[in-house]
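User: Got a minute to walk me through a model? I'd like to start with the helices, then the charged pairs and the sheet.

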Amino acid sequence: EEEEEEEEDEDDLSELPPLEDVGRPPAPPREDAQPPQQGAGDAAGEPQEWLDVLGNGLLKKKTLVAGQGMDSRPQKGQDVTIRLKATLEDGTVVEEDPALTFTLGDCDVLQALDLGVQLLEMGETALIVSEAKYCYGAQGRSPDIPPNASLTLEVELLAARDAPDLELLSGKEKIQLANRKRERGNFFYQQADYVLAINSYDIALRIVGSSSKVDFSPDEEAELLDVKVKCLNNLAASQLKLDHFKAALKSCNLVLEHQPENIKALFRKGKVLAQQGEYREAIPILKAALKLEPSNKTIHAELSKLVKKHADQRNVETEMYRKMLGNPSAASTPRKCKDKLPWSIPWKWLFGATAIALGGVALSVVIAARN
């Protein structure tokens, strides 16, 4: 498979290696995965054994300090604040945060945390031991977390509260929140987990598109539009990787509604159409992108490839129509005649000509019968 070398700015997935060269880590559980409930043996005051959170042995939890009861557990969609200490198997501390806040269930953090914290009671302190699959996967986190590294997370649940009303957020707050979700999508994109990337971009777009009871300044409106365009472009890139062509085309068109000369959207729209075999539609779109950025080698290469594929497609169609019309084969057709032969004959013309011919035969039969 040919490598994709599209140039992008830093906020739009720039420093990513060609994804064909990135090993795809096992897909973490989706956000709707439900951790099992703890049994009666987990009551306060009784020793807590390791709980196999997902039943596969890869994510375990053990209570160190009991909390305030199961009724105090946080709910998905709430903003939770935890104290976090993360260590490698050799005891090296790789992260400490006295008050990490995130939206539970939005995949804002490691899957190990997103799933494990759902089982914490208010005030509870627990150890969560996770394989790399639910942490930083096969790529790790440079420079401190190596590839395929297991982590031990010491977590204390400090607070849980309902997420803020999007309608009441200021322009600055809405921009910051949407950007956090978008950056999380970029993380999953880099991990080659395009399903979770799409989830994060969708959440960011939902935030940007939410109604507001607060007036925004023109600069804030422009910045929100910029976030929206970046999310849609990256959403299209993720959808294209999953062969979700219809969805990717819709994302590209939404960008082009706002910015008709957005090169990334034009390029991706051309690629989507090309993947669907719509070379005739894809070529002028890529030509438009190339006109905007004539020195872009990636667009040049893609356009050259499509022109060749389009020519091959035309040759196949020409031969097909020639056979249908009963003309000689390409090998025996004089060059002069072949050059004049139209490469594409609409189906309705063919059927229309056939119907006229058959109608003429029928009319001749009726006249002969009358005579």
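Analyst: Sure. First a term: a helix here is a DSSP run of H or I with at least four residues, and helices are numbered from the N terminus. Also keep in mind that this is a predicted model.

User: Fine. How far apart in helix 8 are K305 and E302?

Analyst: They are 3 residues apart in helix 8, which covers residues 297–324, so about one helical turn separates them. K305 and E302 form a salt bridge, with the closest N and O atoms 3.4 Å apart.

User: Is E302 buried or exposed?

Analyst: E302 is buried, with a relative accessible area of 10%. K305 is partly exposed, at 26%.

User: How many salt bridges does the structure hold?

Analyst: It holds 10. Some share partners: R83, E154 and E156 are joined into one network that way.

User: Which parts of the chain does the K181 and D106 pair link?

Analyst: Distant ones. K181 sits in helix 2 (residues 171–190), while D106 is in the loop between strand 4 and helix 1 (111–116), 75 residues apart. Their side chains meet in a salt bridge at 3.0 Å, N to O.

User: And is K181 buried or exposed?

Analyst: Buried, with a relative accessible area of 4%. D106 is buried too, at 16%. The cut-off for buried is under 20%.

User: What about E167, which residue does it form a salt bridge with?

Analyst: K213, with the closest N and O atoms 3.5 Å apart. E167 lies in the loop between strand 6 (151–162) and helix 2, and K213 in the loop between helix 3 (194–209) and helix 4 (218–241), so the pair ties together parts 46 residues apart in sequence. K213 is exposed, at 63% relative accessible area. E167 is partly exposed, at 26%.

User: Switching to the sheet. What's the strand order?

Analyst: The order is 1-2-5-6-3-4, in an open sheet of 6 strands with antiparallel pairing. Strand 1 (51–52) and strand 4 (93–103) each have a single partner strand, so one side of each is left without a neighbour in the sheet.

User: How many bridges pair strand 3 and strand 4?

Analyst: 8, in the antiparallel sense, with strand 3 at residues 78–87. For one contact, V80 has F102 in strand 4 as its bridge partner.

User: Last one. Where does UniProt place the TPR repeat?

Analyst: The unreviewed UniProt entry puts "repeat: TPR" at residues 263–296. In the model that span is 79% helix and 0% strand, and its end C-alpha atoms lie 10 Å apart.

How values were computed. Residues are numbered from 1 along each chain as its sequence is written. This is a predicted model: local features need pLDDT of at least 70, side-chain atom pairs count only at pLDDT 80 or more; totals for chains, interfaces and linings use all residues. Side-chain values use heavy atoms; hydrogens and water are left out. Two strands pair if DSSP finds at least two bridges between them. Helices (H or I, at least four residues) and strands (E, at least two) are DSSP runs, numbered from the N terminus. UniProt positions are given in the numbering used here, feature names are shortened, and annotations may be inferred rather than shown by experiment. A salt bridge is a side-chain nitrogen of Lys or Arg within 4 Å of a carboxyl oxygen of Asp or Glu. Buried means under 20% relative accessible area, exposed over 50%, partly exposed in between (1.4 Å probe, protein chains only).
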